[in-house]
Amino acid sequence: MSSPHAPTPVPPSTGAPAARARQGALGPGGRWLPPVAGLAAVVAGFGLAEFAAALLAPGASPVIVVGSLLIDLAPAWLKELVISLFGTADKVVLIVCIAVVAVVLAALAGLLEYRRPPLGRFLVIAVGLVALAAALTRAGAAPLDAVPPVVAAGVAATLLTMLITRLHASEAPAAAAEAAAAATGRPASVTPAAASRAAMDRRRFLAYTGAGAGIGVISAIAGQLMTAGTRAADAARALFTLPTAAVPGTPVPAGASFDIDGLSPIITPNADFYRIDTALAVPRIDPSTWTLKISGLVENEVQIDFAELLALPLEESTTTLTCVSNYVGGDLIGNAVWLGYPIRELLARAAPLAEADMVLSRSQDGWTASTPIEALTDDRNAILAVGMNGDPLPLEHGYPVRMVVPGLYGYVSATKWVTELVVTRFDKETAYWTSRGWSEKGPVKLSSRVDVPRDNATVSAGTVTVAGVAWSQHVGISAVDVQVDDGDWNAATLADAISVDTWRQWRWDWPATAGSHTLRVRATDTNGEVQTSKTADVVPDGATGLHQISVSVS
Ligand SMILES: Nc1nc2c(c(=O)[nH]1)N[C@H]1C(S)=C(S)[C@@H](COP(=O)(O)O)O[C@H]1N2
Ligand SMILES: [Mo]
């Protein structure tokens, strides 16, 4: 019987001394442990990131985000090659490729961390940074989209460090013994206490590896289950072909746009359209489950589903949408061609009672807006919109159905993800923003903006094009004037109007002289009202004042 402190011989190994020392206590097959640790760490990070994405940033799961980036970056010939080889399975092929690359990188990170710490961690963090950049540069990226990649890299790097540290600890005694043996020429030996500590470290290493991988797989599955509804909405939107308009809108006249660099395009592309809402995660509604209910002070309650809405004669209209929080010169404004059905027709079916003066619209996530009933029943194009610039409504702009009401700020009219209209009275109910200090009524104020030159730009003396947009919804713009410093007002040239409900471009050729100048713009509406120079804050019912910019002329 050997004493607890008697050295235990290590079984002779067959490799060269150097290789044996490196292999340490891992024994045959042990060289797989570092790459396996790398994989477990990455699976844990990836799984928790999927879970975080499902909770906070649906649509920003690392695979989707990196995949979309690769799709955008891939040269045209490669895309065509993949599509010609794999057809509609191209996305599956892409995801399989990403998975293979991820497995290789994970194994490599494990090896690097084992052989040359902290290179493995660095590799994981570098890949995380690429995913982070991909997440934040996507069109419509939200700050929360940063969470999944940060979680992925943070969890993977931490777990990898822990696992490899255990692994090194588990083989330290044997490695030390082998090193001593090589130095003394005597057979290598490890004390039983050290050997049992090593065995314990080894068991811990294996347990943590398994636990990490297990947690990763379970969180990824949980994330997938949580976003099943999301995917139904996304898939439905992707398959949805917008019906054609039964009533086409006024075509945008060719003369509505000036070709001037930096001037806002007359129609704002969906990807550039401002977004304002209280939704932390964009509501995802499966349109096959969507209904709109009209109730309250009505003779007949009305309910309509998505298929019924699409079957109605849809109308196209171009309407500018703007936010009450838009400061003078701000960019919370856009103009789109909407496709939808007049709300007035649906309200007529419900037959509102005479006492009703307001419609409280409610979104799927519980946001509300209070709209004067006459704005929804008069002849303006107040619609339940399903299309925006020829596409189904983007998810963040209200898919599948939102309201668009010309002439009113968004907070009192433009309910996205709308599911309910309650016909009621202003003295009975308030809405989300009107119960938080904003005005009950929110007509859009007459305003104008200089787009070119940019504020603080430097231009050369001579003729300088000054241009921008002006709007007076539901009334129309009749004139725009520009003032340089405190000089006279100069009449700008107006582009053609689409309708009184859209903004209008203007331009003026400025004979610019050297020095620093201030340019100021002022619009006049078709009622002869001149835009006020009196400044008002955005609270409670929209900013006023004149937009001015500074330009230095050299
Ligand atoms: N469901 C819902 N709809 C909403 C909001 C919101 O927070 N939730 N914000 C409103 C506000 S304040 C504005 S200005 C417009 C903005 O619409 P957009 O994001 O499509 O530009 O949506 C309106 N509709
Ligand atoms: Mo708004």
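1. Start with ligand 1: in this predicted model, 19 residues surround it. The closest are Tyr274, Thr278, His397, Arg402 and Lys416. Sorted by class, that shell comes out as nine nonpolar, five polar and five charged residues.

2. Three side chains are worth a look for their polar atoms. Lys416 has a side-chain N or O atom 2.5 Å from an oxygen atom of ligand 1, and His397 puts a polar side-chain atom 2.7 Å from an oxygen atom of the ligand. With Ser363 the partner is a nitrogen atom of ligand 1, 3.2 Å from a polar atom of the side chain. As for cover, ligand 1 on its own would expose 530 Å², and the protein buries 99% of that.

3. Now the sheet. Five strands make it up, in the order 4-3-12-7-8, and it's open with mixed pairing. Strand 4 (302-305) and strand 8 (368-372) sit at the edges, each pairing on one side only. On average, neighbouring strands are turned by 15 degrees against each other, if you ignore direction.

4. How do strand 7 and strand 12 run relative to each other, parallel or antiparallel? They're antiparallel, with six bridges joining residues 358-363 of strand 7 to residues 418-424 of strand 12. To check the register, take Met358: its bridge partner in strand 12 is Thr424.

5. Finally, have a look at helix 11 (residues 343-350), which packs on this sheet. The helix touches strand 3 (291-296), strand 4, strand 7 and strand 12. Its direction makes about 50 degrees with that of strand 3.

Notes. Residues are numbered from 1 along each chain as its sequence is written. Chains are lettered from A and ligands numbered from 1 in the order in which they are written. This is a predicted model: local features need pLDDT of at least 70, side-chain atom pairs count only at pLDDT 80 or more; totals for chains, interfaces and linings use all residues. Side-chain values use heavy atoms; hydrogens and water are left out. A residue is near a molecule or strand if one of its heavy atoms lies within 4 Å of it. A polar contact is a pair of N or O atoms within 3.5 Å; within protein, one must be able to donate a hydrogen and the other to accept it, and residues adjacent in sequence count only if both atoms are side-chain atoms. Accessible areas come from the Shrake-Rupley method with a 1.4 Å probe; for residues, only the protein chains shown count as cover. Ala, Val, Leu, Ile, Met, Phe, Trp, Tyr, Cys and Pro count as nonpolar, Asp, Glu, Lys and Arg as charged, and the others, Gly among them, as polar. Two strands pair if DSSP finds at least two bridges between them. Helices (H or I, at least four residues) and strands (E, at least two) are DSSP runs, numbered from the N terminus. Axes are lines fitted to C-alpha atoms, for helices over the stretch in contact, and angles run from 0 to 180 degrees between N-to-C directions. Contact means heavy atoms within 4.5 Å.
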